[in-house]
Amino acid sequence: MINRSLDHNYLERMHLDNIPYKDLRNDALDQYVPIIEDDALMLIRQLIQVTKPTTVLELGAAVGYSALSFIYGNSSLALYTIERDKVRIQQCKDNLNQYDQLNQVSLIEGDIFECYDEVKRLSLDLLFIDASKTNIQKMFDLYAPLVKSGGMIITDNVLFQGYVMSEDEQVPKKHLKVARNIRAYNEYVHTLQGYQSSIYSIGDGLMVTIKE
């Protein structure tokens with residue numbers, strides 16, 4: 001029988017060996033900035049290596065950690081990322097400048113639903129949804145049409161600390177609305193014609209959707 005705690009520690013060490021920008025990761029964790037978890041990041045980076053996207057849009061830049069990690073070793077990838085929080089925007093700019101990636105990553109400042117016109121002409125190979133889950137289905141409906149046939153839509157936090165899989169009475173009241181929103185979103189995308197989706201129980205839950 002596998003000792004799950006030892007298994008987790010072993011896998012965590014294995015993931016960290018292959019994750020770039022460990023200093024940025026550690027700084028974000030120290031400041032309680034929500035960033036993508038290591039195993040989810042590794043899966044996305046592997047998918048990027050296999051599919052070799054050239055145009056990626058990220059909804060929710062935070063401090064730029066995931067954007068930098070996605071383009072690492074992929075010089076032909078152009079990544080656009082949207083962020084509205086002014087503090088996070090400055091941190092993201094500083095990090096992109098520190099790692100000399102201001103040319104490869106385009107930071108778009110503003111609300112996700114107000115910045116659509118700035119990216120609506122893009123033809124996306126990959127859409128990464130990692131912003132607030134309050135209006136997650138609306139984000140999908142607005143931006144999924146920009147994804148090419150055969151392209152991917154990856155959504156983070158679709159299990160939301162396990163609350164999505166729990167009965168409502170087991171979810172703390174402060175998290176109940178978000179848990180319900182994500183649960184509805186997961187069911188919506190899974191039954192949507194023209195898309196094939198799978199949820200992976202890694203990180204905080206990762207949904208990978210292929211557009212037919």
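**Nonpolar cores, strand pairing and aromatic contacts**

In this predicted model, Phe-70 and Phe-128 are both buried. A search of the whole structure returns eight aromatic pairs, and one of these is formed by Phe-70 and Phe-128, whose rings meet edge-to-face with 5.2 Å from centre to centre and 80° between the planes. This pair connects distant parts of the chain, since Phe-70 belongs to helix H4 and Phe-128 to strand S4, with the two residues lying 58 residues apart.

Phe-70 also appears in the largest nonpolar core, a set of 34 residues in which Ile-36, Ile-44, Tyr-65, Phe-70, Leu-79 and Ile-154 touch the most other members. Two or more residues are contributed to this core by each of the helices H2 (22-30), H3 (38-51), H4 (65-71) and H5 (86-98), and likewise by each of the strands S3 (105-109), S4 (124-129), S5 (147-156) and S7 (206-211). A second core, separate from this one and made up of 32 residues, includes Val-119, Met-139, Ile-153 and Val-171.

The surroundings of Ile-154 were examined with its neighbours within four places in sequence left aside. On that basis, Ile-154 is in contact with Ile-44 and Leu-47, with Leu-126, Leu-127, Phe-128 and Ile-129, and with Leu-206, Met-207 and Val-208. Phe-128 is thus both a contact of Ile-154 and the edge-to-face partner of Phe-70.

Strand S7 has five of its six residues buried, and it is therefore largely enclosed by the rest of the structure. S7 pairs with S5 in the antiparallel sense over five bridges, and within S7 it is Thr-209 that stands opposite Ile-153, a residue of the second core. S7 is also joined to strand S6 (residues 195-200), again in an antiparallel arrangement, through six bridges; here Met-207 of S7 is the bridge partner of Ile-199. Met-207 is, in addition, among the residues in contact with Ile-154. S6 and S7 form a hairpin in which five residues lie between the two strands, and Gly-203, located in the turn, has a positive phi of about 55°.

Further ring interactions were found elsewhere in the model. Phe-140, Tyr-185, Tyr-188 and Tyr-195 are linked by ring pairs into a cluster, while Phe-113 has Lys-138 lying over its face, at 4.5 Å from the ring centre.

How values were computed. Residues are numbered from 1 along each chain as its sequence is written. This is a predicted model: local features need pLDDT of at least 70, side-chain atom pairs count only at pLDDT 80 or more; totals for chains, interfaces and linings use all residues. Side-chain values use heavy atoms; hydrogens and water are left out. A nonpolar core is a set of buried Ala, Val, Leu, Ile, Met, Phe, Trp, Tyr and Cys residues joined through side-chain atoms within 4.5 Å. Buried means under 20% relative accessible area, exposed over 50%, partly exposed in between (1.4 Å probe, protein chains only). Helices (H or I, at least four residues) and strands (E, at least two) are DSSP runs, numbered from the N terminus. Contact means heavy atoms within 4.5 Å. Two strands pair if DSSP finds at least two bridges between them. Rings of Phe, Tyr and Trp (its six-membered ring) pair if their centres lie within 6.5 Å; planes under 30 degrees apart count as stacked, over 60 as edge-to-face and the rest as tilted. A charge sits over a ring if NZ of Lys or CZ of Arg is within 6 Å of the ring centre and within 35 degrees of the ring normal.
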